[in-house]
There are 2 protein chains.
Amino acid sequence: MVKFQDAQLDRTFSALADPTRRALLARLEREDGLSVSELAKPFPVSLPAIMKHLDVLSDAGLLTRTKAGRTVSCHLIAEPMEEAMGWLARYQRFWTERLDALEALLEARRKGEG
Amino acid sequence: MVKFQDAQLDRTFSALADPTRRALLARLEREDGLSVSELAKPFPVSLPAIMKHLDVLSDAGLLTRTKAGRTVSCHLIAEPMEEAMGWLARYQRFWTERLDALEALLEARRKGEG
DNA sequence: CTGAAACTTAACCATCGAGTTAAGTTTAAG
DNA sequence: CTTAAACTTAACTCGATGGTTAAGTTTCAG
């Protein structure tokens with residue numbers, strides 16, 4: 001009964017369930033390409049702990065790392081969140097009618113772009 | 001640096017990270033007020049296992065249970081997902097260029113297939 | 001009153017998650 | 001060449017998670 005494709009959703013939601021990881025992503029959203037140690041600096045945990053969080057984010061497909069010399073730059077990949085957002089969108093009708101507004105907007109833009 | 005209010009977001013994303021729990025919520029989205037045993041029926045796990053999932057969902061504020069006689073009805077509470085959706089919305093700009101894809105996704109969700 | 005249905009609780013187990021410290025590797029600087 | 005910076009890996013702890021079976025409680029049906 002459990003669908004195989006849900007594995008990506010599992011990893012995405014699981015990755016987002018930790019406040020440190022959400023903070024890391026939020027940081028990269030504002031300033032992409034930060035190094036591991038720059039990312040780690042604000043947090044009261046050890047560097048290996050941050051490494052593990054980055055590993056989780058990488059495994060969820062939310063992050064890539066590129067090495068240049070001895071420093072490693074981290075880059076956000078937001079796409080997996082789209083699926084998570086799509087899953088949540090189903091429930092939007094329970095708290096707002098904004099779904100219709102969003103769809104109308106998207107429809108209008110789609111037609112506009114031809 | 002870690003905000004206290006994030007605890008709710010932790011619980012919400014954590015609750016959504018399990019495919020069984022997502023399936024339980026999806027079931028209630030289509031048919032609210034199902035009993036515990038009705039909810040449990042489709043799953044290949046024991047009733048106590050489902051009970052634990054329901055506990056997690058309750059703790060995350062995504063579910064309430066009302067007892068009538070010896071049967072317990074489960075009711076979806078979607079509101080906590082609004083905060084999760086709000087968190088994700090920040091990243092929307094990274095994929096909203098692909099309007100057709102998002103639109104299709106929303107449309108599919110709205111029509112209510114798996 | 002008896003028994004079964006519908007949970008619920010308890011006790012247990014294996015694995016995972018998030019953290020630690022310590023040691024290793026690679027690269028740049030002095 | 002030596003050392004330090006910037007990771008990385010390893011080994012460990014400990015509590016949480018997701019599952020089990022077994023036993024208990026409450027309510028309804030016969």
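**Figure 1. A glutamate of chain B that counts as buried.** With a relative accessibility of 11%, B:Glu29 falls under the 20% limit, so this residue counts as buried. Keep in mind for every view here that the model is a predicted one. B:Glu29 belongs to helix 2 of chain B, which covers residues 19-30. Which side chain does the side chain of B:Glu29 make a polar contact with? The partner is A:Arg93, over in chain A, at 3.0 Å. Look around a bit further, skipping the neighbours within four places in sequence, and B:Glu29 also touches A:Arg90, A:Tyr91 and A:Phe94, plus B:Leu76 from its own chain.

**Figure 2. Chain A from start to end.** Six helices and two strands make up chain A. Walk along the sequence and the order reads α-α-α-α-β-β-α-α, with the two strands sitting between helices. How many of the 114 residues of chain A count as buried, as a percentage? The figure is 46%. Take the contacts in chain A with a separation of 6 or more: 50% of them link residues 24 or more positions apart. As for the outside, chain A has an accessible surface of about 6,000 Å², and carbon and sulfur atoms hold 54% of that.

**Figure 3. Helix 5 of chain A, tucked away.** This helix runs over residues 79-89, and nine of its eleven residues are buried, so the rest of the structure largely encloses it. Which residues are the buried ones? They are A:Pro80, A:Met81, A:Glu82, A:Ala84, A:Met85, A:Gly86, A:Trp87, A:Leu88 and A:Ala89. Here is a handy thing to know when looking at any such element: an α-helix makes a turn every 3.6 residues, so residues three or four places apart point the same way.

**Figure 4. The surface around DNA strand C.** Here 19 residues gather around DNA strand C, and the ones that come nearest are A:Ser46, A:Lys52, A:His53, B:Ser37 and B:Val72. Which part of the strand do they meet? Of the strand C atoms within 4 Å of the protein, 63% belong to sugar or phosphate, and the rest belong to bases. Zoom in on B:Ser37 and you find a polar atom of its side chain 2.4 Å from a phosphate oxygen of the strand. B:Val72 uses its backbone instead: a polar backbone atom there is 2.7 Å from a phosphate oxygen of strand C. B:Arg70 goes for a base, with a polar side-chain atom 3.1 Å from a base nitrogen of strand C. The elements giving two or more residues to this surface are helix 4 (47-59) of chain A and, from chain B, helix 3 (36-40), helix 4 (47-59) and strand 2 (71-76). Helix 4 of chain A has the largest share, with four residues. Sorted by class, the surface near strand C holds eight nonpolar, six polar and five charged residues.

**Figure 5. The surface around DNA strand D.** This time 20 residues surround the strand, the closest being A:Ser37, A:Val72, B:Ser46, B:Lys52 and B:His53. Sugar and phosphate make up 60% of the strand D atoms that come within 4 Å of the protein. How far is a polar side-chain atom of B:Ser46 from a phosphate oxygen of DNA strand D? The distance is 2.5 Å. B:Arg21 also reaches a phosphate oxygen of strand D, with a polar side-chain atom 3.0 Å away. From chain A, an N or O atom in the side chain of A:Ser35 is 3.5 Å from a phosphate oxygen of this strand. Helix 3 (36-40), helix 4 and strand 2 (71-76) of chain A, together with helix 4 of chain B, each give two or more residues to the surface near strand D. The class count here is eight nonpolar, six polar and six charged residues.

**Figure 6. B:Val56 and its surroundings.** You will find B:Val56 in helix 4 of chain B. Is this residue buried or exposed? Neither, quite: its relative accessibility is 30%, so B:Val56 counts as partly exposed. Apart from neighbours within four places in sequence, B:Val56 is in contact with B:Ala15 and B:Arg21. B:Ser14 sits 42 residues from B:Val56 in sequence, yet the C-alpha atoms of the pair are 8.9 Å apart.

**Figure 7. Two cysteines out of sight.** A:Cys74 has a relative accessible area of 0%, so it is buried. B:Cys74 is buried too, also at 0%. Across all chains, the count of disulfides is zero.

How values were computed
Residues are numbered from 1 along each chain as its sequence is written. Chains are lettered from A and ligands numbered from 1 in the order in which they are written. This is a predicted model: local features need pLDDT of at least 70, side-chain atom pairs count only at pLDDT 80 or more; totals for chains, interfaces and linings use all residues. Side-chain values use heavy atoms; hydrogens and water are left out. A residue is near a molecule or strand if one of its heavy atoms lies within 4 Å of it. A polar contact is a pair of N or O atoms within 3.5 Å; within protein, one must be able to donate a hydrogen and the other to accept it, and residues adjacent in sequence count only if both atoms are side-chain atoms. Ala, Val, Leu, Ile, Met, Phe, Trp, Tyr, Cys and Pro count as nonpolar, Asp, Glu, Lys and Arg as charged, and the others, Gly among them, as polar. Buried means under 20% relative accessible area, exposed over 50%, partly exposed in between (1.4 Å probe, protein chains only). Contact means heavy atoms within 4.5 Å. A disulfide is a pair of cysteine sulfur atoms within 2.5 Å. Accessible areas come from the Shrake-Rupley method with a 1.4 Å probe; for residues, only the protein chains shown count as cover.
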